[in-house]
Structures are given as C-alpha cells and as structure tokens.
Amino acid sequence: MGKSSALRLLAQQLAGRAQWWGQLDPGDEELPEILVIDDAERLSPSDHQRVEQLLLRGIRVVAAAAPGTSVFGTIPWAHRARGAPGNMLLSPTHRSQGDAFAMSVPVLSRPVPGRAVLLRPENPMIVQWAVPTPPGHIQ
C-alpha cells in the first residue's frame, strides 16, 4: 500500500468531511473541512499559494509526497507540519527517509503493504494500515 492508497483509505474514512485537491472548485464558496492532496511536490507555484490561503482560512490539509530531505523545501506550506504529531512514513526501508523530519526511524527489510512509521513526539511507532474497500464492494 503506497501513499495514494493511504490517502484513499483516509478519504474513505472521512467521507463527507474531506475533498480531493483535484475536485476543489476555485470558485466554490463552500469549502471542505479537510483537503486531501496526493503528490503535493508536483503542485504548481499558484497551487501552493492556493493551499496556503486555504490553510490560513482554517482548512486542514492531509498531503502525501515522495520522501526526501528536500520535501519541506519543495512544498512551502508543509513546514507547518514538520514537527506535528501526524506525520507518517510508509514502509521506510532506509534511515535517510526520516532525515526530513530530523528523526531516526525504524526501517523495514523490505516494503510491506500498509506498514508505516507514525512519527510521534515521544518516539516513532510502527503501525499497520487497513486495506481500503474498493468502490462498490460490500464488507
């Protein structure tokens, strides 16, 4: 399970409260409670400005990006989240993946679907995500 799958699962769990970045209408007066952004490092400079404006209006943002030391430099509004307790690394296999958060993280010998490290202030914790239900599938 990668970052896009994790975001789909989260959006599914937040049904009615969250909206995907690609579905946000710039002229829409009614804004979502939570904005979900995949591949945040690929947004244009004007998109980054729009996200910053939404954050200033109180919209919460859940975003995913490729890990790396430059992630907070390429996503200007993400610096707010750097020390927050809600950051996760999905299936980290190299210690360097925690460098952007200035934190030593436990690493896996291989990527494991749904496995992640929750970056908590007290210490990192390995967690297992559930698999999202495919659209139209009844459990």
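Here's a quick tour of two helices and a charged loop region in this structure. Keep in mind that this is a predicted model. Helix α1 covers residues 3-13, and helix α2 runs over residues 45-56. There's also a negative patch on the surface, with Asp25 as one of its members.

**Helix α1 and its cover**
- Ser5, Ala6, Leu7, Leu9, Leu10 and Ala11 are the buried residues of α1.
- The cover over those buried residues includes the strands β1, β2, β3 (60-63) and β4 (87-90).
- As a reminder, an α-helix has 3.6 residues a turn, so residues three or four places apart point the same way.

**Helix α2: His48**
- His48 sits in α2 and counts as buried because its relative accessibility is 9%, against a cut-off of under 20%.
- Setting aside neighbours within four places in sequence, His48 contacts Ala40, Leu43, Thr74, Ile75, Pro76 and Trp77.

**Helix α2: Glu52**
- Glu52 is in α2 too, but it's partly exposed, with a relative accessibility of 22%.
- Not counting residues up to four places away in sequence, Glu52 touches Trp77 and Arg80; Trp77 is also among the contacts of His48.
- If you want a distance to check, the C-alpha atoms of Glu52 and Phe101 are 21 Å apart, with the two residues 49 places apart along the chain.

**The negative patch**
- Asp25, Asp28, Glu29 and Glu30 make up a negative surface patch.
- Asp25 belongs to the loop that links β1 (18-20) and β2 (34-37).
- With 43% relative accessibility, Asp25 counts as partly exposed.

Notes:
Residues numbered from 1 in each chain as written. Predicted model: local features only at pLDDT ≥ 70, side-chain atom pairs only at ≥ 80, totals over all residues. Heavy atoms only, no water. Patch = residues over 30% accessible without salt bridge, like charges linked within 9 Å, V, L, I, M, F, W, Y side chains within 5 Å. Areas by Shrake-Rupley, 256 points an atom, 1.4 Å probe, with all protein chains shown as cover. Salt bridge = Lys/Arg side-chain N within 4 Å of Asp/Glu carboxyl O. Lys, Arg positive; Asp, Glu negative; His and termini not counted. Charge placed at Lys NZ, Arg CZ, Asp CG, Glu CD. Helix = DSSP H or I, 4+ residues; strand = E, 2+ residues; numbered from the N terminus. Buried < 20%, exposed > 50% of the residue type's maximum accessible area, 1.4 Å probe, protein only. Contact = heavy atoms within 4.5 Å.
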